[in-house]
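Hello,

Here is the structure I promised to pass on to you. My notes on it follow below.

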Amino acid sequence: MAEHHYDVVVIGAGPSGEGAAMSATKSGKRVAIIEDKQTVGGNCTHWGTIPSKALRHSVKQIITFNTSSMFRDIGEPRWFSFPRVLQHAQKVIGKQVKLRTQFYARNRVDLMTGEASFLDANRIMVRSNWGEEILHAKNVVIATGSRPYLPPDVNFRHRRIYNSDSILNLSHTPRTLIIYGAGVIGSEYASIFAGLGVKVDLINPGPRLLTFLDDEISDALSYHLRNNGVLVRHNEEYDSVDGDEQGVVLSLKSGKKIRADAFLWCNGRAGNTDRLDLENVGLEPNSRGQLAVDKHYRTQIPHIYAAGDVIGWPSLASAAYDQGRSASSDIVNDEFFRYVSDVPTGIYTIPEISSVGKTERELTEAHVPYEIGQAFFKDLARAQITGEAVGMLKILFHRESRQILGIHCFGDQAAEIVHIGQAIMNQEGEANSLNYFINTTFNYPTMAEAYRVAALNGLNRIF
């Protein structure tokens, strides 16, 4: 049996694993990365971020074509099936896999395909179709990601019952769809399917959509989902999910019954730790398979780190990549380490949502004297030109110091727009100020101009 020695062994080739491997190898460490799939990229590339966002982009283009008066001169509105729209996502996935595979080759990271498990704190067994190998590691980064949490009382083998991974194998377009779970993934898929003309019931076990968002943004999402034909049901929990040849019946604890052609479960995720033999190193994940780490991404075993979805919050590809890099920065003791806490949300519903910093509710509860500056997209020349007039930018700032406390945006390009505000918020001292947007000339017409409009709007509220 072959045995190899490495400074750093990374388990999982998703965003956090890639970040850890690239950072460690560029610091001169000998690095191996283990991936149990045939291609790299992890859930982000194959089942989560990339395919769902590529799907959303295609659906948004379809909506633009079908609702634009200019395109009516070309022909009648067109209908596209879900499998046909999915073809575009598959092309993007292929490009991402090729690009990321090249990263490992170019940076001389040994990429091993197989299933990893711990023999002890410094030895990892890799099992593949070609046999078994043992890797000796001075440091280990667990970056195995997560998968949809699947309750045992729901039959996911039924051909009409899907989870957020298996939905990408949907070979037809259902007329009606039940989505259980109104978190980020459930809300995004509700937008996607509604955009394809599917009648969607979105079941939310909680009292409102995406409670971590600013209340006004959450309310806006709720309105626009309903405006696009999504029926949102709050405070509902499932009692049973029963599939037959014609469809699926969802029975709720409230006594309601809902029938649809298909059912999509989007309620929670579980860390991929069950096959790592963690008991051999004395690590115990929580009930959702997630590992606890300290502020340096170290587990209870000091030389074993964990990053990405496998540690839970915030479960975003953007944060996962930086967490992986920071884990390696701690290993090599360089100057780039940081605990990743400044994480903007990027929610690719229709309309798009993004935010960073505090919400109005948080500031009110903390008795912070804040004020609000608003800019509505319908008033911006660029939005009028593109026809993307739905949305707004909201700046929350301290009414005395004018320090920016939160940026909240929904509408076209929200996930891009938010970074301008984030950059100013991260400046030290008086450089973090509403005055920057008042005293800076923005290109015209642009969506970025919303910052100047919102800042002037907020300035008018100060007395």
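How far apart are the end C-alpha atoms of helix H7 (residues 317-332), and what should its 16 residues span? At 1.5 Å a residue, the helix should span 22 Å (1.5 Å times one less than its number of residues), and the ends are 23 Å apart, which agrees. Helices here are DSSP runs of H or I with at least four residues, strands runs of E with at least two, both numbered from the N terminus.

A word on the model: it is predicted, so local features need pLDDT of at least 70 and side-chain atom pairs count only at 80 or more, while totals for chains, interfaces and linings use all residues. Residues are numbered from 1 along each chain as its sequence is written, and side-chain values use heavy atoms, without hydrogens and water.

Back to H7: its buried residues (under 20% relative accessible area, 1.4 Å probe, protein chains only) include Ala319, Gln323, Ser326 and Asp330. Among the elements covering them, through contacts (heavy atoms within 4.5 Å), are strand E1 (2-11), helix H1 (15-26) and strand E6 (131-142). After H7 comes Asn333, with a positive phi near 60°.

Next, the largest nonpolar core (buried Ala, Val, Leu, Ile, Met, Phe, Trp, Tyr and Cys joined through side-chain atoms within 4.5 Å) has 47 residues, of which Val10, Phe118 and Ile142 touch the most other members. Apart from it lies another core of 41 residues, including Val59 and Phe82.

Leaving aside neighbours within four places in sequence, Ile142 is in contact with residues including Phe118, Leu276 and Val310.

Enjoy exploring!

Conventions
Buried < 20%, exposed > 50% of the residue type's maximum accessible area, 1.4 Å probe, protein only.
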